[in-house]
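Biologist: I am new to this structure and would like to learn the reasons behind the terms used for it. Please show it to me, and then we can take the terms in turn.

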Amino acid sequence: MTDAQAPADTAAGRIAAALQAAVATDDRAAAWRVAELVAADWSARPLDAADADRYTDADLDAAATALGHPLPAALREALKLFGHRDDLTRSQDPLARPDELEIHEGALIFRNENQGVCWWGVLLEDLDQDDPPTYYCPDPADKAEQTWDRWTDRLSLAIIDTLMAETVIAEVEDLTDAGELGEYDPGDDPGLTALPKIQPEWAEAAWYVGDDVLVHGRPG
């Protein structure tokens with residue numbers, strides 16, 4: 001892995017700069033810029049404001065009414081911008097659609113692990129914030145041991161991490177691939193540059209970018 005920055009006029013350079021801005025600032029627009037770049041440079045097609053199936057304010061208002069709780073601004077913005085794109089958000093551990101949002105164990109769940117062994121959510125007490133912190137909750141055999149662990153400082157970052165992960169794991173011929181790394185460690189690859197970290201240190205997951213590849217590495 002190299003610490004050198006990727007050229008700014010490449011897909012690698014664009015996403016590295018955008019993600020750095022998203023992590024370093026409280027500007028949600030910077031996070032959504034990452035989403036636009038992932039769609040444009042790393043998926044089958046860019047985001048399109050003309051997509052007829054984009055979610056509307058009415059869809060989100062209906063979801064909030066059904067839940068009996070407000071939806072944070074960051075979640076509303078993300079769902080309106082790219083929540084309709086299954087290829088960007090629902091390849092394995094999906095971002096919830098508006099009508100799939102639910103309250104569980106004192107939190108609004110915005111993402112589920114595909115086999116139901118863990119959830120990502122926003123604590124109910126934080127729903128009045130525009131871009132609240134997020135938490136991760138595993139489903140232990142002993143429910144008395146169930147806890148919410150801090151995931152990201154801002155919901156927008158958790159959603160961007162979701163979008164990036166779901167995009168690279170999507171089954172798009174000649175574009176994406178996923179599998180066991182074996183002995184290969186992307187952190188030791190001189191052709192890759194580490195991207196700013198989004199997930200907590202205990203998650204031991206990291207993003208890397210090369211000339212024409214976006215890599216998500218995690219143990220297990």
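Modeller: Let me begin with strands, which are runs of at least two residues assigned by DSSP, and two of them pair if DSSP finds at least two bridges between them. The model is a predicted one, and in it the bridge partner of Trp207 is His216, which lies in strand 8.

Biologist: What makes strand 7 and strand 8 a pair?

Modeller: Four bridges join strand 7 to strand 8, and since the requirement is at least two, the two strands count as paired, running antiparallel. They belong to an open sheet of three strands in the order 6-7-8.

Biologist: Why are strand 6 and strand 8 called edge strands?

Modeller: Each of these two strands pairs on one side only.

Biologist: How do you know that Trp32 and Phe82 form an aromatic pair, and what makes that pair edge-to-face?

Modeller: The whole structure holds six aromatic pairs. For Trp32 and Phe82 the distance is 5.9 Å centre to centre, and the limit is 6.5 Å, so the rings count as a pair. Their planes stand at 65°, and because an angle over 60 degrees counts as edge-to-face, that is the name used. This pair links distant parts of the chain, with Trp32 in helix 2 and Phe82 in helix 4, 50 residues apart, and both residues are buried.

Biologist: Why is the pair of Trp151 and Trp202 given its name?

Modeller: The ring centres are 5.6 Å apart and the planes lie at 65°, so this pair is edge-to-face. Trp151 is in strand 5, whereas Trp202 is in the loop between strand 6 and strand 7, so the contact ties together parts that are 51 residues apart in sequence.

Biologist: Which of the words buried, partly exposed and exposed fits Trp151, and which fits Trp202?

Modeller: Trp151 has a relative accessible area of 9%, and because buried means under 20%, Trp151 is buried. Trp202 has 45%, which falls between 20% and the 50% above which a residue is exposed, so Trp202 is partly exposed.

Biologist: Which residues form a cluster with these two rings?

Modeller: Ring pairs link Trp120 and Tyr136 with Trp151 and Trp202. Trp120 and Tyr136 are also bridge partners, Tyr136 lying in strand 4, and Arg111 lies over the face of Trp120 at 4.5 Å from the ring centre.

Notes
Residues are numbered from 1 along each chain as its sequence is written. This is a predicted model: local features need pLDDT of at least 70, side-chain atom pairs count only at pLDDT 80 or more; totals for chains, interfaces and linings use all residues. Side-chain values use heavy atoms; hydrogens and water are left out. Rings of Phe, Tyr and Trp (its six-membered ring) pair if their centres lie within 6.5 Å; planes under 30 degrees apart count as stacked, over 60 as edge-to-face and the rest as tilted. Buried means under 20% relative accessible area, exposed over 50%, partly exposed in between (1.4 Å probe, protein chains only). A charge sits over a ring if NZ of Lys or CZ of Arg is within 6 Å of the ring centre and within 35 degrees of the ring normal.
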